[in-house]
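Welcome, and please have your viewer open. We will go through one model together, stop by stop, choosing what to select and then looking at what is there.

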Amino acid sequence: MHRPHTRTAAALATGVMLLALTAACGGGDDTAAAPAASQPAAATTAPWTGAPSAGATAGAGAPTAPTATGTTVTVTATEFALKLSQDTFTAGTYTFVTTNDGQAIHALETEGPGVSGSETADLGPGQSEGLTVTLSPGTYKLYCPVGNHESRGMSTEITVT
């Protein structure tokens, strides 16, 4: 005997769970305060979906070309390392496009003169996001703020001249 109401209820429950999970996974971390006008650096994050629309989220799969500002630096995150596409920096604006080529969740955070708490959202495998910062001369730390990833080797320092 068929139970159409049971199937309908099960399908509805599944749809509600998927909707709840989708809503819980959206958005980036907007907790980083913007620096005051007198500070020498600023930072913004933007998800890279291939379209320059605000509020979109990074999707799984191969990253698409970002619409970056300043110099684009590719950052590859794996277990447990960060690899930058360049190692010399002069003062100016950079967009660090971070791609998670690992299997665990990773992110990128930047700290240094005038830049504190500037970070990407948590990125699942295959996801990418850009982090735009204006760097003044000095030393900056780039690292993965997820769990103990920084202490496991996902940290590097750059010197800006």
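## A tour by selection

Select K141 to begin: at 25% relative accessibility, this lysine counts as partly exposed. Keep in mind throughout that you are looking at a predicted model.

**Stop 1: the partners of K141**

Leave K141 on screen and add E150. The two form a salt bridge, and their closest N and O atoms are 2.8 Å apart. What is the exposure class of E150? With a relative accessibility of 30%, E150 is partly exposed, because the buried class ends under 20% and the exposed class starts over 50%. There is no need to hunt for further salt bridges, as a search of the whole structure finds one.

Now add Y143 and turn the view until you look onto its ring. K141 lies over the face of Y143, 4.7 Å from the ring centre. So K141 takes part in two arrangements here: the salt bridge with E150 and the placement over the ring of Y143.

**Stop 2: the aromatic cluster**

Clear the selection and pick F89, Y94 and F96, which form one aromatic cluster. How many aromatic pairs does the protein have? The count is three. Zoom in on F89 and F96: their ring centres are 6.2 Å apart and their planes meet at 40°, so this pair is tilted. Are these two phenylalanines buried or exposed? F89 is buried at 2% relative accessibility, and F96 is buried too, at 0%.

**Stop 3: a threonine in strand β7**

Next, select residues 128-135, which make up strand β7, and highlight T132 within the strand. T132 has a relative accessible area of 14% and is buried, because anything under 20% falls in that class. Show T95 as well, and draw the distance between the two side chains: a polar contact of 2.8 Å joins T132 and T95.

**Stop 4: the whole chain**

Finally, zoom out and colour by secondary structure. You should find one helix and nine strands. Trace the chain along the sequence and the helix comes ahead of the strands, in the pattern α-β-β-β-β-β-β-β-β-β.

Switch to a surface view to finish. The protein exposes about 9000 Å², with carbon and sulfur atoms supplying 57% of that area. Of its 161 residues, 29% count as buried. If you display contacts with a separation of 6 or more, 59% of them are between residues 24 or more positions apart.

Conventions
Residues numbered from 1 in each chain as written. Predicted model: local features only at pLDDT ≥ 70, side-chain atom pairs only at ≥ 80, totals over all residues. Heavy atoms only, no water. Salt bridge = Lys/Arg side-chain N within 4 Å of Asp/Glu carboxyl O. Buried < 20%, exposed > 50% of the residue type's maximum accessible area, 1.4 Å probe, protein only. Helix = DSSP H or I, 4+ residues; strand = E, 2+ residues; numbered from the N terminus. Polar contact = N/O pair within 3.5 Å; in protein donor to acceptor, adjacent residues only side chain to side chain. Contact = heavy atoms within 4.5 Å. Areas by Shrake-Rupley, 256 points an atom, 1.4 Å probe, with all protein chains shown as cover. Phe/Tyr/Trp six-rings, centres within 6.5 Å; stacked < 30°, edge-to-face > 60°. Lys NZ or Arg CZ within 6 Å of the ring centre and 35° of its normal.
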